[in-house]
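Here is a briefing on one protein structure. Please look at the sequence and the model before reading on.

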Amino acid sequence: MADPIITASGLTKSFGATAALRGIDLEVARGEVVAVMGPSGSGKSTLIHCLAGVLAPDTGSVAVDGTELTALSADARARFRLERIGFVFQFGQLLPDLTAVENVALPLLMAGARRRDANERSLQWLDRLDLADQAGKSPGDMSGGQAQRVAIARALAPQPSVVFADEPTGSLDSVAAENVLTAMLDVVRESGTTVVLITHDARTAAHADREVIVRDGLLSGTAPVGAR
Ligand SMILES: Nc1ncnc2c1ncn2[C@@H]1O[C@H](COP(=O)(O)OP(=O)(O)OP(=O)(O)O)[C@@H](O)[C@H]1O
């Protein structure tokens with residue numbers, strides 16, 4: 001691969017007697033959108049947690065955007081995640097007492113931005129996700145799809161090297177899921193952000209550039225979307 005932003009090799013990870021990853025090699029190109037699929041319990045979440053530096057693998061190495069994560073201390077990995085990695089979860093995990101604009105500004109403030117700049121950038125990202133009119137609302141006063149788009153704005157606003165998304169539309173009905181996914185991928189492709197997303201849904205995976213299948217802790221296949 002010409003310009004991989006993620007290079008993982010020989011990843012293994014066990015939890016007690018459970019071997020969650022049993023030797024995974026994976027490269028992801030800069031700007032690529034990769035869908036990770038596979039049965040429940042096959043190791044998908046463990047894989048993206050290792051790629052994102054949330055978990056340290058037992059063996060193997062992970063490099064993201066030129067930084068060897070497996071050589072960093074837990075503290076240094078946490079700093080790296082804050083500055084360079086975005087996360088979107090199935091349930092947005094927005095802070096309920098903050099407004100949309102405050103939720104999106106939070107990681108910018110934590111990374112050292114001034115409040116005024118953080119608010120300005122936060123508003124710009126909300127606008128890009130068609131949420132300008134929701135900026136002052138708290139998550140409880142929005143639809144599930146709107147709240148998920150706020151979570152996406154929050155993940156993208158710090159301009160991370162890679163966004164990891166774990167079932168980002170899994171809690172939404174199919175119409176809302178399609179809208180949220182399309183909104184996310186529009187801004188992702190426009191900004192050239194790399195995305196690795198876990199999904200059980202073939203329609204969601206169809207929006208990616210490539211599918212990667214995980215089975216029993218191993219990659220059982222990888223193919224460009226549309227090639228199957
Ligand atoms: N923190 C943990 N402690 C113990 N076992 C774990 C832990 N995390 C994952 N596992 C086990 O590792 C295996 C892989 O789990 P993982 O969550 O990576 O699978 P998954 O493919 O993401 O599943 P799902 O699609 O259901 O979310 C499973 O057998 C799971 O029970």
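The points below cover the sheets, the helices, the core, the ligand shell and two loop residues. The model is predicted. One open sheet has 6 strands with mixed pairing, and another open sheet has 4 strands with antiparallel pairing. A ligand has residues around it that include Lys44, Ser45 and Thr46.

**The sheet of 6 strands**

- The strands of this open sheet follow the order 6-7-8-3-9-10, and their pairing is mixed.
- Strand 6 (85-88) and strand 10 (218-224) are at the edges; each has a single partner strand, so one side of each has no neighbour in the sheet.
- On average, neighbouring strands here are turned by 20° against each other, with direction ignored.
- Strand 3 (residues 33-37) and strand 9 (residues 210-215) run parallel and are joined by 4 bridges.
- Within this pair of strands, Ala35 has Glu211 in strand 9 as its bridge partner.
- Helix 5 (residues 144-156) lies across strand 6 and strand 7 (162-166). The helix runs at about 170° to strand 6.

**The sheet of 4 strands**

- In this open sheet the order of strands is 2-1-4-5, and the pairing is antiparallel.
- Strand 2 and strand 5 are the edge strands, each pairing on one side only.
- Strand 1 and strand 2 run antiparallel and are joined by 9 bridges. Lys13 has Leu21 in strand 2 as its bridge partner.
- These two strands also form a hairpin, with 2 residues between them. Gly16, in the turn, has a positive phi of about 60°.
- Strand 1 (residues 4-15) also pairs with strand 4 (residues 59-64), in the antiparallel sense and over 5 bridges. Ala8 is opposite Val62 in strand 4.
- Strand 4 pairs in turn with strand 5 (residues 67-68), in the antiparallel sense and over 2 bridges. Here Val64 is opposite Thr67 in strand 5.

**The nonpolar core**

- The largest nonpolar core has 64 residues. Val36, Leu51, Val104, Ala153, Phe164 and Val196 touch the most other members.
- Which helix gives the most to this core? Helix 5 does, with 7 residues.
- Leu51 is in contact with Ile6, Ala8, Val62, Phe164 and Val196, leaving aside its neighbours within four places in sequence.
- Two of these contacts, Ala8 and Val62, are the residues that stand opposite each other where strand 4 is paired.
- Two others, Phe164 and Val196, are listed with Leu51 among the core residues that touch the most other members.

**Helix 1**

- Is helix 1 largely enclosed or largely open? Of its 8 residues, 6 are buried, so helix 1 is largely enclosed by the rest of the structure.
- The buried residues in helix 1 are Lys44, Thr46, Leu47, Ile48, Cys50 and Leu51.
- Gly53, just after helix 1, takes a positive phi of about 80°.

**The shell around the ligand**

- Which residues are around the ligand? They are Phe15, Thr18, Ala20, Gly38, Ser40, Gly41, Ser42, Gly43, Lys44, Ser45 and Thr46.
- By class, this shell has 8 polar, 2 nonpolar and 1 charged residues.
- Strand 2 (18-29) and helix 1 (44-51) each supply at least two residues of the shell.
- Helix 1 gives the most to the shell, with 3 residues.
- Lys44 and Thr46 are in the shell, and both are also buried in helix 1.

**Two loop residues with positive phi**

- Asp65 has a phi near 50°, which is a positive value in a residue other than glycine.
- Asp65 is in the loop between strand 4 and strand 5. The hairpin formed by these strands has 2 residues between them.
- Is Asp65 buried or partly exposed? Asp65 has 16 C-beta neighbours inside 10 Å, so it counts as partly exposed.
- Asp216 has a positive phi near 50° and is likewise a residue other than glycine.
- Asp216 is in the loop between strand 9 and strand 10.
- Asp216 counts as partly exposed because it has 14 C-beta neighbours inside 10 Å.

Note on methods:
Residues numbered from 1 in each chain as written. Predicted model: local features only at pLDDT ≥ 70, side-chain atom pairs only at ≥ 80, totals over all residues. Pairing = 2+ DSSP bridges. Axes fitted to C-alpha atoms, helices over the stretch in contact; angles between N-to-C directions. Contact = placed C-beta atoms within 7 Å. Core = buried A, V, L, I, M, F, W, Y, C linked by C-beta atoms within 7 Å. Buried ≥ 20, exposed ≤ 12 C-beta atoms within 10 Å, placed from the backbone. Near = placed C-beta within 6 Å. Nonpolar A, V, L, I, M, F, W, Y, C, P; charged D, E, K, R; others polar.
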